[in-house]
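Open the model and keep the residue numbering at hand. The text below is meant to be read alongside it.

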Amino acid sequence: DRLRAQVSGTFAGFPLSTKLVAVGGRVWIENPLSGSWQAVDVHTTPGFLLDPQKGVLGVMRGMTHVENDGSEEVDGDSTTRIKGTIDAARVGPLVAASGASGSVAVTLWIGKDDSVLRRIEVRGPVGVGEPADAVRAVELSRFGEPVAVEAPEGAS
């Protein structure tokens, strides 16, 4: 029921980077301009992404046109890249977006030695009004390390 993440992206064409913390059913995001923590209202906590049935792995079972796309090192680990496509509507619930139609490109980076998912990238719109070149990526790391996740100090 706890998650800490670094989130990067673009907003109106400008790159932004911020932090996100989830504890229980509450989620906070660090305002990238002021540095203050603010509670955000989300339909699901980000930990939902890791649910093996309904999260990223469950949704990715719906991939089509799957093929091996070579090898790549991710955070010091040798991985196999798997690429394919998936219906945008299946990805939408994972990112609190909906309404896009068609398929989006998906790439998975899976550890060669342990078959653990290291990175996932989705290219294309999964919500109404998103640009055709929208990209979402999640990188997983620090496997097996104890991590303490607490509500951010000074959070509203």
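What follows goes from the sheet to its strand pairs and then to single residues.

The structure is a predicted model. Its sheet is open and built from five strands, in the order β5-β6-β7-β8-β9, with antiparallel pairing. At the edges are β5, covering 64-74, and β9, covering 135-139, each of which pairs on one side only. From one strand to the next, the twist averages 15°.

Two of the strand pairs can be followed in more detail. β5 and β6 are joined by seven bridges in the antiparallel sense. These two strands form a hairpin in which two residues lie between them. Asp75, in the turn, has a positive phi of about 50°. Next to this turn, Val74 stands opposite Asp77 in β6. On to the next pair: β6, residues 77-87, and β7, residues 103-111, run antiparallel to each other over nine bridges. One register point for this pair is Asp87, whose bridge partner in β7 is Ser103.

Ser103 itself belongs to strand β7. Is this residue buried or exposed? With a relative accessible area of 57%, Ser103 is exposed, because the cut-off for that class is over 50%. Apart from residues up to four places away in sequence, Ser103 touches Thr85, Ile86, Asp87 and Ala88. For Thr85, which is 18 residues from Ser103 along the chain, the separation between the C-alpha atoms is 6.1 Å.

Gly84 is a residue of strand β6. Its relative accessibility is 8%, so Gly84 counts as buried under the 20% limit. Outside the window of four places in sequence, Gly84 touches Met63, Thr64, His65 and Val66, and also Val104, Ala105 and Val106. A further distance for Gly84 concerns Asp69, 15 residues away along the chain: their C-alpha atoms are 9.4 Å apart.

Arg118 lies in strand β8, which spans residues 117-123. Is Arg118 buried or exposed? Arg118 counts as buried because its relative accessibility is 6%, and the class requires a value under 20%. The side chain of Arg118 reaches the backbone oxygen of Val116 at 3.0 Å. With neighbours within four places in sequence left aside, the contacts of Arg118 include Val74, Asp77 and Thr79. Val74 and Asp77 are also the two residues that stand opposite each other in the β5 and β6 pair. The contacts of Arg118 further include Trp109 and Gly111, as well as Val138, Glu139, Leu140 and Phe143.

Trp109 also takes part in a contact with another arginine, Arg119. The charged end of Arg119 sits over the ring of Trp109, at 4.9 Å from its centre. As for pairs between aromatic rings, the count comes to zero when centres must lie within 6.5 Å.

In a regular strand, side chains alternate between the two faces of the sheet. That is a general background point for viewing the strands described above.

The last stop is a loop. Asn31 is placed between β3, residues 26-30, and β4, residues 37-40. What does the side chain of Asn31 reach? It reaches the backbone nitrogen of Ser34, at a distance of 3.1 Å. Not counting residues up to four places away in sequence, Asn31 touches Thr18, Ser36 and Gln38.

Technical notes
Residues are numbered from 1 along each chain as its sequence is written. This is a predicted model: local features need pLDDT of at least 70, side-chain atom pairs count only at pLDDT 80 or more; totals for chains, interfaces and linings use all residues. Side-chain values use heavy atoms; hydrogens and water are left out. Two strands pair if DSSP finds at least two bridges between them. Helices (H or I, at least four residues) and strands (E, at least two) are DSSP runs, numbered from the N terminus. Axes are lines fitted to C-alpha atoms, for helices over the stretch in contact, and angles run from 0 to 180 degrees between N-to-C directions. A polar contact is a pair of N or O atoms within 3.5 Å; within protein, one must be able to donate a hydrogen and the other to accept it, and residues adjacent in sequence count only if both atoms are side-chain atoms. Contact means heavy atoms within 4.5 Å. Rings of Phe, Tyr and Trp (its six-membered ring) pair if their centres lie within 6.5 Å; planes under 30 degrees apart count as stacked, over 60 as edge-to-face and the rest as tilted. A charge sits over a ring if NZ of Lys or CZ of Arg is within 6 Å of the ring centre and within 35 degrees of the ring normal. Buried means under 20% relative accessible area, exposed over 50%, partly exposed in between (1.4 Å probe, protein chains only).
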